[in-house]
Amino acid sequence: MPDQQKPAEGAANALPVTAAQIEQAAALLDAGGLVAFPTETVYGLGGDAENPDAVARIYAAKGRPANHPVIVHLAPQGDPNYWVEYLPAEAQRLIDAFWPGPLTLILKRAARINPAVSGGQDSVGLRCPSHPVAQALLEAFSALRDGHGGVAAPSANRFGHVSPTTAQHVRDEFGGTIHVLDGGASDVGIESTIVDLSRGFPALLRPGRVTPQDIADVLGEAPRLPDGSDATAPRASGTLKAHYAPRTPLALLPFEAIEPLLAARHADRADERVALVARASRAGRWADAEGVHFVAAPEDPHVYARELYGLLRALDRANVARILIEKLPDTIEWIAVNDRLGRAAAAFEAQG
Ligand code: TXA
Ligand code: MG
């Protein structure tokens, strides 16, 4: 195409942060400090993966138990072999297909790698993010470590709370105490897919943008779920652990079960506002009923995932007594959104 129609070089391709900010952040990591940085999934709270004091600082900042393993983030030129005892052929195939991108692999940890990053387990989680700011930071830090630097980073939120998808969300979590690189809103919006290859067969530990079907297509074998079943088969959520929760009580129900709740509440407690998150195609008259704070949920699973955590944070500020969310279909395209919504709701199920 003619030159003038090309996006201006340096303008369209410029990072939202300066080279000096990247250098400063890499130096902070090098000194054992923490840096929150954008990835295409969610913002991470990063520290030098090979420095146990830095990893301990991550746990302390999050209020997270120290036996939880943290994902190690590698630059695109990084060598996964440095971190693992061996790289199975299946891992290489998934790396070729999905890196850089929202897929984390759990592999046997190399003996040289400090177990602090694995919460003491014999495995290590590896991921190469596609966000340009994450890549620039990882490259700059890696260069300070003979090309082998890795950044340990859980999501940059307090333990159990909703993951951040903007720099402002990170500031809302930690105040001014954490250095944040602002790379705009995360595109995927939910955490990476996690596949465990350390046990001799592929197992899906966390669903995300890369679906079980995507993985089956590459490996020629469906990943298993923790209960041993096929992750590409439709499934009811039964074993969800409470996590990813907003502060306002949240219930996840099929729309048929939400309607009577709204009707009853409407009659008894008209003074109390509830939030209703449902696809506009289902909400009908409840979209503009009195006392209902209606949010039209995206009809597309990728868009829903992108907006989910920002929505939960906004609903916490919306001054509603309760959040009612329409459960999405039990199909593979909704598996990741249903997983996060199910965990958010599970945090309140014990309270009735
Ligand atoms: O998208 C993501 O993965 C984001 C961004 C920042 O990259 N990170 C993230 O990290 O979600 P975090 O810490 O919130 O979730 C990490 C989870 C752990 O809770 C654990 O389930 C799993 O990854 N994990 C990490 N290392 C593991 C290991 N060695 N063995 C088993 N599970 C591991
Ligand atoms: Mg997290």
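**Exercise 1. Which of the 21 residues around ligand 1 come nearest?**

*Solution.* Begin with the status of the coordinates: this is a predicted model, and what follows describes the placement of ligand 1 in that model. Within the shell of 21 residues, those that come nearest to ligand 1 are T41, R64, H73, S192 and R206. Next, take the polar side-chain distances to oxygen atoms of the ligand one at a time. For T41, an N or O atom of the side chain is 2.6 Å from an oxygen atom of ligand 1. For R64, a polar side-chain atom lies 2.8 Å from a ligand oxygen, and for R206 the corresponding distance, from an N or O atom of its side chain to an oxygen of ligand 1, is 2.9 Å. Finally, consider the cover: on its own ligand 1 has 680 Å² of accessible area, and the protein covers 88% of it.

**Exercise 2. Determine which elements give two or more residues to the shell around ligand 1, and describe the shell by class.**

*Solution.* The elements that meet this condition are β3 (71–73) and β5 (123–127). Of these, β5 supplies the largest share, with 4 residues. Sorting the shell by class then gives 9 nonpolar, 8 polar and 4 charged residues.

**Exercise 3. Why can the residues of the UniProt "binding site" annotation be said to gather at one spot?**

*Solution.* First list the residues: according to the unreviewed UniProt entry, the annotation covers T41, H73, R127, A153 and S192. These residues span 152 residues in sequence, yet no two of their C-alpha atoms are more than 12.5 Å apart, and they therefore gather at one spot. One of them, T41, can also be placed in the fold, since it lies in the loop between β1 (35–37) and β2 (44–48).

**Exercise 4. Locate the cis peptide bond and the positive phi of D146.**

*Solution.* The cis peptide bond joins W99 and P100, with omega at about -10°, and P100 is found in the loop between α3 (89–98) and β4 (103–108). Turning to phi, D146 is not a glycine, but its phi is positive at about 55°; D146 belongs to the loop between α4 (132–143) and β6 (151–152).

**Exercise 5. Decide which part of the chain calls for caution, and describe the annotated domain.**

*Solution.* Start from the whole chain, where the mean pLDDT is 91 and 91% of residues reach 70 or more. Over residues 1–12, however, the pLDDT is below 50, and beyond near neighbours in sequence this stretch has 2 contacts in the model. Where pLDDT is low, the predicted coordinates should not be read in detail. The unreviewed UniProt entry places the feature "domain: YrdC-like" at residues 19–210; this span is 28% helix and 18% strand, and its end C-alpha atoms lie 31 Å apart.

Definitions and conventions. Residues numbered from 1 in each chain as written. Chains lettered and ligands numbered in written order. Predicted model: local features only at pLDDT ≥ 70, side-chain atom pairs only at ≥ 80, totals over all residues. Heavy atoms only, no water. UniProt positions renumbered as here; feature names shortened; annotations may be inferred. pLDDT = per-residue confidence, 0-100. Contact = heavy atoms within 4.5 Å. Near = heavy atom within 4 Å. Polar contact = N/O pair within 3.5 Å; in protein donor to acceptor, adjacent residues only side chain to side chain. Areas by Shrake-Rupley, 256 points an atom, 1.4 Å probe, with all protein chains shown as cover. Nonpolar A, V, L, I, M, F, W, Y, C, P; charged D, E, K, R; others polar.
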